[in-house]
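User: I am new to this structure. Please walk me through the reasoning behind its labels.
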Amino acid sequence: MKTISHEALFWRKLAHWGASKGPEWWVRYSPPFFGWAAAALVPSARHAVHNNLLRIRGAVPRARNASEILATFSTYASCLAEALSTAEVGPRAPEAAIVGLEHAHAAFALKRGVVLVTAHTAGWDIVGPLLARDHALPMLIVMAQERDGGARALHDDVRVRSGVHIVHVGDPLASISLLRHVQSGGVVALQLDRTVVGMRTRKVSLLGGQGEVPEGPLRLAQASGAPILPVFCSRTGYRQYIIEVFESISLTRRADAAELDRAATELAAVMTTFLQKHPTQWFHF
């Protein structure tokens with residue numbers, strides 16, 4: 001019998017309806033229960049979260065491990081509900097405190113555009129809309145395509161109405177449009193912890209072991225002269241987030257392999273530091 005994927009359009013529509021039309025108490029309190037249900041019903045995702053936590057903080061007692069797995073799924077569900085209502089106005093709009101704003105100001109002051117890198121952590125989906133709204137920045141978010149086209153279109157529509165535009169990995173003309181966008185002073189946001197088959201990557205030390213980061217952000221910064229700005233987000237409460245901005249990294253247009261490796265290593269180190277502070281807010285599953 002054909003089963004419905006947890007990413008399918010039906011479930012995304014249901015989540016969107018609840019997030020945008022449901023009463024405030026429903027949006028606030030119901031997501032954790034759906035997250036816990038997903039942890040029980042999707043063993044592959046549950047095992048991925050277990051492995052992620054093991055990489056971040058090592059082995060812990062079984063009870064603590066179970067609690068942190070449930071906390072990860074609970075936070076994921078809450079973030080999904082809040083992201084799907086980002087375009088709404090009034091009390092539904094998320095709020096975020098920004099730590100390290102001086103690093104963002106320094107990068108923007110160069111007037112060469114910005115290559116913003118982040119990870120799939122709590123609230124990553126609202127970093128772009130919030131920065132675009134608060135700083136009047138033209139922003140493009142680069143994402144891998146979801147398997148379900150309808151679900152992707154629904155969520156992309158929410159993102160566009162929130163003030164950002166989406167470019168999906170796999171478009172043969174994407175690199176040209178991204179470079180032009182940065183050179184015109186815009187911001188391109190990419191994820192460091194997501195790679196797809198065929199994507200060029202660079203090997204790094206990540207979370208105490210071997211890892212890799214996509215080469216695309218490095219090449220885009222090299223070609224455009226734009227600084228790479230690491231920005232990560234965590235959820236602190238209902239529609240409440242903290243955006244942490246780290247010092248930007250620059251590459252020369254003639255950067256060799258050693259310079260690219262250095263930049264990749266610095267980005268991996270920043271991401272490791274952030275994930276170790278927020279182990280249950282990494283949605284790499």
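User: Which residues do ring pairs link into a cluster?

Analyst: This is a predicted model. In it, Phe73, Tyr76, Phe283 and Phe285 are joined into a cluster by ring pairs.

User: How many aromatic pairs are there by this rule?

Analyst: The count is 9 aromatic pairs. Rings pair if their centres lie within 6.5 Å.

User: Why is the pair of Phe73 and Phe285 called tilted?

Analyst: The ring centres of Phe73 and Phe285 are 5.2 Å apart, and the planes stand at 45°. Stacked needs under 30 degrees, and edge-to-face needs over 60. The angle of 45° meets neither, so the pair is tilted. The pair also links distant parts of the chain, 212 residues apart. Phe73 sits in helix α5 (residues 62-83), and Phe285 in the segment after α11 (257-277).

User: What makes Phe73 buried or exposed?

Analyst: Its relative accessibility is 2%. Buried means under 20%, so Phe73 counts as buried.

User: And why is Phe285 called partly exposed?

Analyst: Phe285 has 31% relative accessibility. Partly exposed lies between the 20% and 50% cut-offs, so Phe285 belongs there.

User: Which distance separates the C-alpha atoms of Ser44 and Phe285?

Analyst: They are 8.3 Å apart, with the two positions 241 residues apart along the chain. Ser44 is in helix α4 (residues 43-57). At 55% relative accessibility, Ser44 counts as exposed, because the cut-off is over 50%.

User: Why is the pair of Phe232 and Phe246 edge-to-face?

Analyst: The planes of Phe232 and Phe246 meet at 70°, with centres 5.9 Å apart. Edge-to-face needs over 60 degrees, so the label fits this pair. Phe232 is in strand β8 (residues 228-237), while Phe246 is in the loop between β9 (240-245) and α11. The pair therefore ties together parts 14 residues apart in sequence. Phe232 is buried, at 0% relative accessible area.

User: How do you know that Cys79 and Cys233 form no disulfide?

Analyst: Their sulfurs are 7.6 Å apart. A disulfide needs sulfurs within 2.5 Å, so this distance is too far for a bond. For Cys79, the closest cysteine sulfur is in Cys233; for Cys233, it is in Cys79. The structure holds 0 disulfides. Cys79 is buried at 7% relative accessible area, and Cys233 is buried at 0%.

User: Which residues form the nonpolar patch on the surface?

Analyst: Trp25, Trp26, Tyr29 and Phe34 form it, with about 510 Å² of accessible area together. Helix α2 (residues 24-29) gives the largest share, 3 residues. Phe34 lies in helix α3 (residues 31-41).

Notes:
Residues are numbered from 1 along each chain as its sequence is written. This is a predicted model: local features need pLDDT of at least 70, side-chain atom pairs count only at pLDDT 80 or more; totals for chains, interfaces and linings use all residues. Side-chain values use heavy atoms; hydrogens and water are left out. Patches are made of residues with over 30% relative accessible area and no salt bridge: like charges are joined within 9 Å, nonpolar side chains (Val, Leu, Ile, Met, Phe, Trp, Tyr) within 5 Å. Accessible areas come from the Shrake-Rupley method with a 1.4 Å probe; for residues, only the protein chains shown count as cover. A salt bridge is a side-chain nitrogen of Lys or Arg within 4 Å of a carboxyl oxygen of Asp or Glu. Helices (H or I, at least four residues) and strands (E, at least two) are DSSP runs, numbered from the N terminus. Rings of Phe, Tyr and Trp (its six-membered ring) pair if their centres lie within 6.5 Å; planes under 30 degrees apart count as stacked, over 60 as edge-to-face and the rest as tilted. Buried means under 20% relative accessible area, exposed over 50%, partly exposed in between (1.4 Å probe, protein chains only).
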